[in-house]
Amino acid sequence: AAVAIELPLPGEAAQVLRGLQEGAQRPVPDADLTDLDGMPVFCARVADLDADEALPEALLTAAPEQVKRSWVMLGRVLDKQLLALSELLDGLAQTTQPAQTSMTGESTPSMKAHLSGMTHETPVAPRDVPPRSQVAVVCAVSADWAASWQDALHAWLKMRCGDLQADGRAMDLQVHMLPVESAHEVWPVLDATLLRWHREPHVPRCATLLIAADSAIDPDVVDRWQSRGELFTAAHQSGRMPGEGAVGVLLVHAHWPDTGTLPPLARLYRPVQQTRDKSADAQGRIGHAEILAAMAQAVQLSGRPAEALTMVVSDGDHRASRTCEVFEALLAFAPACDPMQSVLRVGDGCGDLGLTSAWLPLALAAGSLAQNPAEDSVALAVQVQPSHHRTAIALVPWVVTSTPAVVPT
């Protein structure tokens with residue numbers, strides 16, 4: 001229903017897409033970060049980010065730079081998404097009709113229950129009790145964070161999201177932390193949400209807000225990367241360049257009542273995951289079979305042909321291994337697509353975004369569909385940054401249809 005991003009590239013999804021296409025942003029030598037040889041580190045910063053901006057007092061001195069910068073970016077994204085979610089809930093409240101009861105006060109079975117062969121009667125809520133909305137907020141956070149910082153962020157999120165329950169909104173709100181070590185570990189949460197919604201079409205008032213923020217603009221992170229041989233340097237140009245960013249993706253049930261207040265951006269299908277048998281960081285040709293299989297299955301779930309593919313948004317960066325993998329897979333799957341025009345690599349402009357790199361391609365792929373709203377088009381969000389794990393997710397323009405938005409595999 002809505003996306004929000006905070007990146008070294010300024011602007012919303014549409015502006016970021018244009019900036020990536022034009023090459024307007026690249027990691028540059030940083031004035032404050034240096035490697036073990038005293039050389040400036042190539043990185044991509046959010047330019048106007050003040051690490052002490054609106055943080056709890058306990059964080060100002062005690063927290064590491066990575067935690068503080070991630071927290072500030074998360075707050076900016078959360079502000080935008082809570083406004084969107086409030087608009088969605090307010091529109092729902094204005095259009096909610098009172099539940100119908102019989103003159104005798106006995107419940108009347110719904111038409112759906114009758115058609116499905118159910119013989120028992122379904123209780124109907126009283127007139128003054130509107131149906132309750134189910135809202136979940138899931139925040140992905142690095143498992144490297146100390147437990148105290150994770151607990152503090154959880155409490156802060158619950159406090160910030162508590163305003164959604166103001167004004168007597170009929171809703172159940174849950175706020176969950178998702179500590180993970182790598183970006184590929186976030187997909188089970190999204191997959192489980194979409195599968196549950198597909199299996200419960202009779203409970204349409206469900207929304208899930210996925211948020212994540214991460215920053216590698218921290219001397220300790222840089223030293224850790226270099227000690228493991230993962231940092232981009234003059235002598236190791238296949239290493240990673242530190243970046244930072246935040247993303248929020250607001251998902252709503254495919255049958256959420258149409259209030260006209262927040263038009264859906266795209267229809268999302270379940271993620272398809274594959275595992276490589278050889279690290280993408282290994283020497284020699286690494287192949288593209290796994291990402292090709294993921295892309296093909298993802299497009300198949302959407303019901304579109306390969307020719308309908310218009311855009312592939314990848315978390316890939318400057319490394320030739322990831323670039324070749326996506327390009328070769330695209331040429332094998334959709335030969336008519338020009339990889340130079342159809343593939344966007346977020347990491348190439350914004351560096352390694354850590355946990356943000358998983359859900360960020362979803363947000364930008366939805367933005368690409370807004371620019372190309374042809375009903376038969378399809379965009380792919382692709383994850384290739386991990387050494388072994390590959391993921392592809394299909395998105396199509398939102399069209400009101402009886403076809404479920406989530407097709408189980």
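Where does histidine 388 lie? Histidine 388 is in the loop between strand 12 and strand 13 (389-397), and I shall return to this residue after some remarks on the chain.

Colleagues, what we have is a predicted model, in which local features need pLDDT of at least 70 and side-chain atom pairs count only at pLDDT 80 or more, while totals for chains, interfaces and linings use all residues. Residues are numbered from 1 along each chain as its sequence is written, and side-chain values use heavy atoms, with hydrogens and water left out.

Let me begin with the chain as a whole. Its secondary structure comes to 12 helices and 13 strands; these are DSSP runs, numbered from the N terminus, with helices being H or I of at least four residues and strands being E of at least two. Of the 409 residues, 52% count as buried. Here buried means under 20% relative accessible area, exposed means over 50%, and partly exposed is in between, with a 1.4 Å probe and protein chains only. The protein chain exposes about 18400 Å², and carbon and sulfur atoms supply 53% of that area; the areas come from the Shrake-Rupley method with a 1.4 Å probe, and for residues only the protein chains shown count as cover. Among contacts between residues at least 6 apart in sequence, 76% join residues at least 24 apart, where contact means heavy atoms within 4.5 Å.

I turn now to histidine 388. At 28% relative accessibility, this histidine counts as partly exposed. Not counting residues up to four places away in sequence, histidine 388 touches Gln274, Thr275, Arg276, Lys278 and Ser279. With threonine 275, the C-alpha to C-alpha distance is 5.6 Å, across 113 residues of sequence.

Next, leucine 380, in strand 12 (residues 378-383). Is this residue buried or exposed? Leucine 380 counts as buried, because its relative accessibility is 0%. Leaving aside residues up to four places away in sequence, its contacts include Met295, Ala298, Val299, Leu309 and Ile393. The C-alpha atoms of leucine 380 and methionine 295 are separated by 7.4 Å, although the two are 85 residues apart along the chain.

Methionine 295 brings us to a pair of helices. The axes of helix 8 (residues 289-302) and helix 9 (residues 320-333) come within 9 Å and cross at roughly 50°. Axes are lines fitted to C-alpha atoms, for helices over the stretch in contact, and angles run from 0 to 180 degrees between N-to-C directions. That crossing angle makes helix 8 oblique to helix 9. For reference, angles under 35 degrees count as roughly parallel, over 145 as roughly antiparallel, 65 to 115 as roughly perpendicular and the rest as oblique.

From helix 8, Ile291, Leu292, Met295, Ala296 and Val299 meet Glu325, Ala329, Leu330, Ala332 and Phe333 of helix 9. These residues divide into nine nonpolar, no polar and one charged. In this scheme Ala, Val, Leu, Ile, Met, Phe, Trp, Tyr, Cys and Pro are nonpolar, Asp, Glu, Lys and Arg are charged, and the others, Gly among them, are polar. Alanine 296 of helix 8 counts as partly exposed, at 27% relative accessibility. Alanine 296 and alanine 334 are 38 residues apart in sequence and 9.5 Å apart in space, C-alpha to C-alpha.

A second helix pair joins distant parts of the numbering. Helix 1 (residues 13-22) and helix 12 (residues 356-371) pack at an angle of about 90°, with their axes 9 Å apart. The two are therefore roughly perpendicular to each other. Helix 1 contributes Ala13, Ala14, Val16, Leu17, Arg18 and Leu20 to the contact, and helix 12 contributes Ala363, Leu364, Gly367, Ser368 and Gln371. That contact comprises seven nonpolar, three polar and one charged residue.

I close with aspartate 79, in helix 3 (residues 65-95). Aspartate 79 is partly exposed, with a relative accessible area of 38%.
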